[in-house]
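I opened this notebook to record what I looked up in the structure. The entries begin with one residue and then turn to the chain as a whole.

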Amino acid sequence: MPNYILRDVDAVRNNLLPLTFTRPVALLRVGILTLLEKWQRDLPGDYSFSTVDYLSRKYPTVVHPHDNIVISSHILPSPALIRAIQALEPGEGLRWGDELIARRGAWEEEPTSFKMLDEEPRSIRRLYEIFGRNDEQLIRDFVPLTRGRRSQPISSTCTVIGDRKLIFIEEGATVEGAILNTRRGPIYVGPGAEIMEGACIRGGLAMLEGSVVNMGAKIYGATTLGPYSKVGGELNNVVIIGYSNKAHDGFLGNAVIGEWCNLGGGTTASNLKNDYTEIKLWNYPARRFLKTGLQFCGLIMGDHSKTGINTMLNTATVLGVGVNIHGSGFPRNFVASFTEGSPSGYTDVDLHKFFEVARRVMARRHKELTEVDIDLYEALHSITEQYK
């Protein structure tokens, strides 16, 4: 089998913080699948990652002595790009302009010749492109994932608006008493997932394994609920990577939520400024807020972060890893990792307390906080001190 290595490009990875503090770029989810899963689908083979040192113990690089195909991990596969990578010979690289997209050969070997792509490949370079590209990627993932397969029947208790063929319900999923509208995109319900009665769904929607939409929820496309996530209230164009909860009322729009997060009941995150002007978003490499060109941008939330009940978040708020927000008033638009408190004051999160909470949260999904994870978060705690 070919040996593929998905390589993080430092400049891109840094622009995708805080989500890439805890994972390689290729484990970001856009559409139904992660970037890794998209490549595995389109180019079968053995895959590993090349990322920053403190993540490498959990996500090691597996190197073939002589023949590896190294692909920039933020690039999204397409038929033309797949053909170009398959045509690479040892010692060749594939470029778009000055950017190296892929290369073939020994791990330490630089390409000696290059082929040029005819068109710029799709990619994820900025945080807001995760929800911005979610619609196109959800459709692109839905078609091959369901081709030639038969959905479970749609319950007679549901109301369907649009093409019923754009609804796919996997074995073990439950959908009862919901309104399902496919006029703007497909609806994919993964194994063991559940849409409860009274939910109003407007596609595109992707629900991964074990995810739940609570009673009376209102979900607009393009929204992705990663594995074992639970949502309620109102969502519009939200990507939840996995294992996170927004189970109660409150609004979330044009947002990306990491893993092991919890938004307390009534939490609402603005995605539009009152004066309708262009939104600025915190950027880690620049250490300041940068223009996005967007009118709509909501919450970006790193792994293991929490909000208390009735939390109010300003437009384009960025919460790092291990953040705990509670109390009244609006927190600032950027809260550094391992910080807890309210607008009246913030303190550092004690790592021992963080690990205790993480163990309890993960145990609810039958997952374990490993020694490798602990080493990762201890390293990350030191790395992120500079942003406080």
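I took contact to mean heavy atoms within 4.5 Å. The model is predicted, and I read every entry below with that in mind.

Entry 1, one residue and its surroundings. I looked up Thr224 and found it in strand E19, which covers residues 223–225. I then asked which residues Thr224 is in contact with, leaving aside its neighbours within four places in sequence. The list comprises Arg29, Gly31, Asn134, Leu138, Ala206, Leu208, Val238, Val239 and Ile240.

Entry 2, burial. I asked whether Thr224 is buried or exposed. Its relative accessible area is 0%; buried means under 20%, so Thr224 counts as buried.

Entry 3, polar contacts. I checked the side chain of Thr224 for polar partners. The side chain reaches the backbone oxygen of Gly31 at 2.7 Å. With the side chain of Asn134, the side chain of Thr224 makes a polar contact of 3.0 Å. Gly31 and Asn134 also appear in the contact list of Thr224.

Entry 4, the whole chain. I noted eight helices and 35 strands. The radius of gyration is 21 Å, which agrees with the value near 21 Å for a compact globule of 388 residues. Along the principal axes, the C-alpha atoms fill a box of roughly 60 × 50 × 45 Å. Of the 388 residues, 54% are buried. Among contacts with a separation of 6 or more, 43% join residues 24 or more positions apart.

Entry 5, surface and charge. I recorded an exposed area of about 16700 Å², with carbon and sulfur atoms supplying 49% of it. The chain has 43 positive and 44 negative charges, and their mean positions lie 5 Å apart.

Notes: Residues numbered from 1 in each chain as written. Predicted model: local features only at pLDDT ≥ 70, side-chain atom pairs only at ≥ 80, totals over all residues. Heavy atoms only, no water. Helix = DSSP H or I, 4+ residues; strand = E, 2+ residues; numbered from the N terminus. Rg over C-alpha atoms; globule rule 2.2 N^0.38 Å. Buried < 20%, exposed > 50% of the residue type's maximum accessible area, 1.4 Å probe, protein only. Areas by Shrake-Rupley, 256 points an atom, 1.4 Å probe, with all protein chains shown as cover. Lys, Arg positive; Asp, Glu negative; His and termini not counted. Charge placed at Lys NZ, Arg CZ, Asp CG, Glu CD. Polar contact = N/O pair within 3.5 Å; in protein donor to acceptor, adjacent residues only side chain to side chain.
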